[in-house]
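Please examine the protein displayed below before reading the discussion.

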Amino acid sequence: MATRRLPRLLKTLDPLRAPLRTRAIGSLVGDHTAKWMQDTRKKSPMELINEVPPIKVEGRIVACEGHSNPALGHPIEFICLDLEAPAVCKYCGLRYVQNHHH
């Protein structure tokens, strides 16, 4: 049964066979990205997030949600802070370090 659905699934994944509207949206996104990259006065999202200093936390584990408002955040990620280097959230790029008290 699954093998009968495979050709139909492959058709939907083939960009050349994708509906015109889907290709148009992809083109629009590509054009927007190209315009963004041409303006060198604007900082990239990675440059902006790297300007945020690492967040110091007390424990060994931090739960990153990206934003205090759940509608603007991302799925919760639990990050282990055992290493000396800042740990990075895979969703939003925020960096966390353990605040050592000596």
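The following exchange treats the model, its fold, its core, its salt bridges and its surface in turn.

This is a predicted model, in which local features need pLDDT of at least 70, side-chain atom pairs count only at pLDDT 80 or more, and totals for chains, interfaces and linings use all residues. Residues are numbered from 1 along each chain as its sequence is written, and side-chain values use heavy atoms, with hydrogens and water left out.

Reader: In which element of the protein is confidence lowest?
Author: Confidence is expressed as pLDDT, the predictor's value for each residue, from 0 to 100. The mean for the protein is 78, and 67% of the residues reach 70 or more. Where pLDDT is low, the predicted coordinates should not be read in detail. The highest mean, 96, belongs to E3, and the lowest, 57, to helix H1 (residues 2-13).

Reader: In what order do the elements of the protein run from the N terminus on?
Author: Helices (H or I, at least four residues) and strands (E, at least two) are DSSP runs, numbered from the N terminus. The protein has three helices and five strands. Their order from the N terminus is α-α-α-β-β-β-β-β.

Reader: How many residues make up the largest nonpolar core?
Author: A nonpolar core is a set of buried Ala, Val, Leu, Ile, Met, Phe, Trp, Tyr and Cys residues joined through side-chain atoms within 4.5 Å. Buried means under 20% relative accessible area, exposed over 50%, and partly exposed in between (1.4 Å probe, protein chains only); buried residues form 16% of the 102 residues here. The largest core includes Ile-49, Cys-64, Ala-87, Cys-89 and Leu-94, and its full membership is 10 residues.

Reader: Which residues does Gly-66 contact, leaving aside its neighbours within four places in sequence?
Author: Gly-66 is placed in the loop between E2 and E3. A contact means heavy atoms within 4.5 Å, and Leu-94 of the core touches Gly-66 as well as Ile-49 and Cys-64, among others. Beyond those sequence neighbours, the contacts of Gly-66 are Gly-73, His-74, Cys-92 and Leu-94.

Reader: What is the distance between the closest N and O atoms of Glu-51 and Lys-43?
Author: A salt bridge is a side-chain nitrogen of Lys or Arg within 4 Å of a carboxyl oxygen of Asp or Glu, and the count by this rule is two. Glu-51 counts as partly exposed because its relative accessibility is 48%, and Lys-43 is likewise partly exposed, at 39%. The closest N and O atoms of this salt bridge lie at a distance of 2.2 Å.

Reader: How many residues apart in the chain are Arg-60 and Asp-82?
Author: Arg-60 forms a salt bridge with Asp-82, with the closest N and O atoms 2.8 Å apart. The pair links distant parts of the chain: Arg-60 lies in the loop between strand E1 (55-57) and E2, and Asp-82 in the loop between strand E3 (77-80) and strand E4 (87-88), the two being 22 residues apart.

Reader: What is the area of the nonpolar surface patch made by Ile-61, Ile-76 and Phe-78?
Author: A patch is made of residues with over 30% relative accessible area and no salt bridge; like charges are joined within 9 Å, and nonpolar side chains (Val, Leu, Ile, Met, Phe, Trp, Tyr) within 5 Å. Ile-61, found in strand E2 (residues 61-64), is partly exposed because its relative accessible area is 48%. Accessible areas come from the Shrake-Rupley method with a 1.4 Å probe, and for residues only the protein chains shown count as cover. The patch made by Ile-61, Ile-76 and Phe-78 has an area of about 320 Å².
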